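This briefing addresses chain B of the structure shown below. Please read the points alongside the sequence and the coordinates.

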Amino acid sequence: MYVALGIVVAVLFVIVLIYNSLIGKKNQVKNVFATIDVLLKKRYDLIPQLVAAVKGYMRHERGLLEEITKARARAVSGRLSDDEQVLLDNTVSKALGGIMVAVENYPDLKADKSFMHLQRTMTEIEEQISAARRAYNAAVEAFNNAVEMFPTNIIASMMGYKTRSFFEIREDERRPVNAGGLLGN
Amino acid sequence: MWPWQSTVFDWFKIAASAFGLLAMTTTKINAGRILMKTLDDLKRFYDTTLMPDLLALEGQRRGIARKIMIVIIVINVALGLGSLAFVFMESNMLAVVIAVALCLMIGGVVCKLFTRGYVTYFKSLVIERIVHFVDDSLSYEPRSCIPKSTFMLSKIFTTKPNRYKGDDFVSGKVGATQIQFSELNAEYESGSGKNRHRYTVFRGIFFIADFNKHFNGQTIVLPDTAEKLFGRLGRKLQSLNVFRGELIRLEDPEFESHFVVYGSDQIEARYILSTSLMARITDFKEKTGKKIYLSFIGSMVFAAVPYTRNLFEPRLFKTLLDFEPIRRYYEDLQLAIGIVDELNLNTRIWSKE
C-alpha cells in the first residue's frame with residue numbers, strides 16, 4: 001500500500017517537474033522574442049535622429065527619407081499584424097541600407113561627429129539584434145528538444161505544445177563576422 | 001518566414017562597408033595593432049641592445065653563483081659534522097633537528113640576500129627592456145601585481161585565496177585599449193599542523209583590458225571539462241552549477257567543445273561573444289595550447305592563463321649569454337600583450353570609444 005502510494009507521489013513529482021520545466025522553456029522563448037521586439041523599437045527610435053542628421057546634406061535622396069519616415073510611423077502605430085510587421089521591418093532595413101550607401105557621396109556628413117556617434121549606436125543595435133536572434137534560436141532549440149524527446153514529449157503533447165521554427169540564418173551569415181573583412185583589409 | 005530574417009543583416013553589412021567612419025577605424029586598428037616583431041628583430045635587439053649589459057650582468061651572476069655554492073658547501077660540511085656528532089656523542093634527536101633546520105634557514109636567508117639585488121637589477125635591465133621592445137608605451141613594475149580585490153572581481157575563480165602574491169606588473173595602452181597584467185600565484189591553505197593542505201587557486205598570467213563594447217551583466221568563459229568527460233550528462237551538470245549563473249549554450253560547436261559559458265543574461269552574453277569573438281578565442285586557445293579563462297564584467301575583460309613555471313625570473317646557475325631564455329621572456333610577454341589583438345579589442349565601431 002505504502003509502496004504504491006510512494007510510487008504515485010514520485011510519478012506526480014516528476015510530472016510537476018517536467019510541467020514546470022516546459023513552462024519555463026516556453027517563457028524563455030517568449031521572453032527572448034519580446035527582447036527582439038524591444039531592440040527593433042530601439043532601432044525605430046533612432047530613425048528620426050538619423051533622418052534629422054542626414055536631411056541637411058542629402059538632396060537627392062528625399063524619397064528614401066520620406067519612405068523610411070512613413071514606414072517608421074506605421075510601425076510604431078502598433079496596429080499591425082505579424083506579417084505586416086515583417087514586411088515593414090524589411091522595408092525599413094532596405095531603406096536604411098540605401099541611406100547608408102548614399103552617405104558615401106557626402107564626405108561632410110561622414111565626418112560629422114554626431115552622425116558618427118549615431119552610426120556607432122546603429123551598429124551596436126544591429127549586433128544586439130543579431131545576439132537576440134541567436135539567443136532566440138538557443139531558446140527554441142531547448143524548447144523543441146523538450147517537446148520532442150522522451151519522456152517530456154508526453155506531457156508536452158498533453159499541453160498542446162508544438163515545436164517552433166528557428167530564425168533561419170543564411171550560409172553567408174554563419175561565417176564569423178570579421179570587422180577587418182568588412183572593412184576590406 | 002520570420003521577421004528581420006535577412007535584411008537586417010544585409011543592412012549591417014552594407015552600412016559597415018559604406019561608412020566612412022569604418023574606413024577611419026581601419027587606420028585606427030592598424031595604428032592600434034601590435035606590430036608583431038619577428039624573431040629576427042628580437043635577435044637583433046638581443047645582439048645590439050641587450051648584449052653589452054648582459055655581459056656585465058653575467059659577471060655579477062657568476063659571482064653570486066659562486067657565493068651560493070660556497071654557502072651550500074659550508075652548510076653541507078656543517079650538516080656532516082652535525083651527523084658525526086649525533087653518531088658519536090649521542091646528543092639528543094631534537095637538538096639535531098633544530099640544528100639542521102637552523103642551518104637550512106640561515107642558508108636560505110643568505111641566498112635570498114645574495115640574489116635580491118641581482119633579481120631586481122636583472123628585471124630592470126632585461127625584462128623591462130623587452131617590455132619596451134614589444135611596446136614602447138607600456139610601463140613595467142617588477143615588484144607590483146594585480147591586486148587581490150581585482151582578482152576576485154573577475155569572478156573567474158570562486159575560491160578566495162589566503163596566500164596571494166605576484167610580480168612583473170605591466171600596464172599601459174595598446175592602441176585604443178587600456179591593459180594591465182602581471183604574474184600571480186594565488187593559493188588556498190586550510191587546516192594547520194599535520195592537517196595543513198595547500199592548493200593552487202591560480203598560478204600564471206592574469207590580464208585585464210578595457211572591453212570595446214558596453215554591457216551591464218557578467219559573462220564568464222571557462223575551460224570545459226565536464227562536457228568533454230561526460231558529454232550530455234556533463235552539460236546537464238554544468239547547468240546545475242548554482243554558483244555560476246545561467247549556463248549559456250552557444251552555437252559554435254568548436255567553441256562549445258573547448259569552453260563552458262555562464263552569464264547573467266542570455267542575450268548580453270551573445271552580444272559580447274559574437275560569432276567572430278568565439279572564433280578568435282578558439283584560435284587563441286589552439287595557438288597557445290593553454291587553458292584560457294575569461295570573464296566580462298563591469299565593461300572589462302579579464303583573462304587568466306595558467307602556467308606551471310615561474311615567469312620572467314633570471315636563471316642563476318645558467319649563463320645569461322643565451323638567446324633561448326630571452327626568446328621565452330619575449331614569448332610570454334607577447335602572449336599577454338597579444339590578447340588585445342587576438343580578441344580584436346582595438347576595433348572600436350560600437351558606441352564605446
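What percentage of the contacts in chain B with a separation of 6 or more comes from residues 24 or more positions apart? In this predicted model, such residues account for 70% of those contacts. The points below cover confidence, overall make-up, one strand with its partners, and a nonpolar surface patch.

**Confidence**

- The model as a whole scores pTM 0.78 and ipTM 0.73.
- For chain B, the average pLDDT is 84, and 89% of the residues reach a score of at least 70.
- Residues 1-34 of chain B are an exception to note, as pLDDT stays under 50 there.
- The model nevertheless has 90 contacts beyond four places in sequence for residues 1-34 of chain B.
- Where pLDDT is low, predicted coordinates should not be read in detail.

**Overall make-up of chain B**

- Chain B contains eleven helices and nine strands.
- Of its 353 residues, 49% are buried.
- The area that chain B exposes is about 17,100 Å², and 60% of this is supplied by carbon and sulfur atoms.

**Strand S5 and its partners**

- Strand S5 of chain B spans residues 218-223 and is mostly covered, with five of its six residues buried.
- S5(B) runs antiparallel to strand S7 of chain B (residues 259-263), to which five bridges join it.
- Within this pairing, B:Val221 has B:Val261 of S7(B) as its bridge partner.
- S5(B) also runs antiparallel to strand S8 of chain B (residues 293-297), and here four bridges make the connection.
- On that side, B:Ser295 in S8(B) is the residue opposite B:Ile220.

**Nonpolar surface patch**

- A nonpolar patch on the surface is formed by B:Ile73, B:Val77, B:Leu81, B:Leu84, B:Phe86, B:Val87, B:Phe88, B:Met89, B:Met93 and B:Val97.
- Together these residues have about 1,000 Å² of accessible area.
- Helix H3 (39-89) and helix H4 (93-134) of chain B each supply at least two residues of the patch.
- H3(B) provides the largest share, namely eight residues.
- One member, B:Val77, lies in helix H3 of chain B.
- The relative accessible area of B:Val77 is 48%, so this residue is classed as partly exposed, since the exposed class begins over 50% and the buried class lies under 20%.

Conventions:
Residues numbered from 1 in each chain as written. Chains lettered and ligands numbered in written order. Predicted model: local features only at pLDDT ≥ 70, side-chain atom pairs only at ≥ 80, totals over all residues. Heavy atoms only, no water. pLDDT = per-residue confidence, 0-100. Contact = heavy atoms within 4.5 Å. Buried < 20%, exposed > 50% of the residue type's maximum accessible area, 1.4 Å probe, protein only. Pairing = 2+ DSSP bridges. Areas by Shrake-Rupley, 256 points an atom, 1.4 Å probe, with all protein chains shown as cover. Patch = residues over 30% accessible without salt bridge, like charges linked within 9 Å, V, L, I, M, F, W, Y side chains within 5 Å. Salt bridge = Lys/Arg side-chain N within 4 Å of Asp/Glu carboxyl O.
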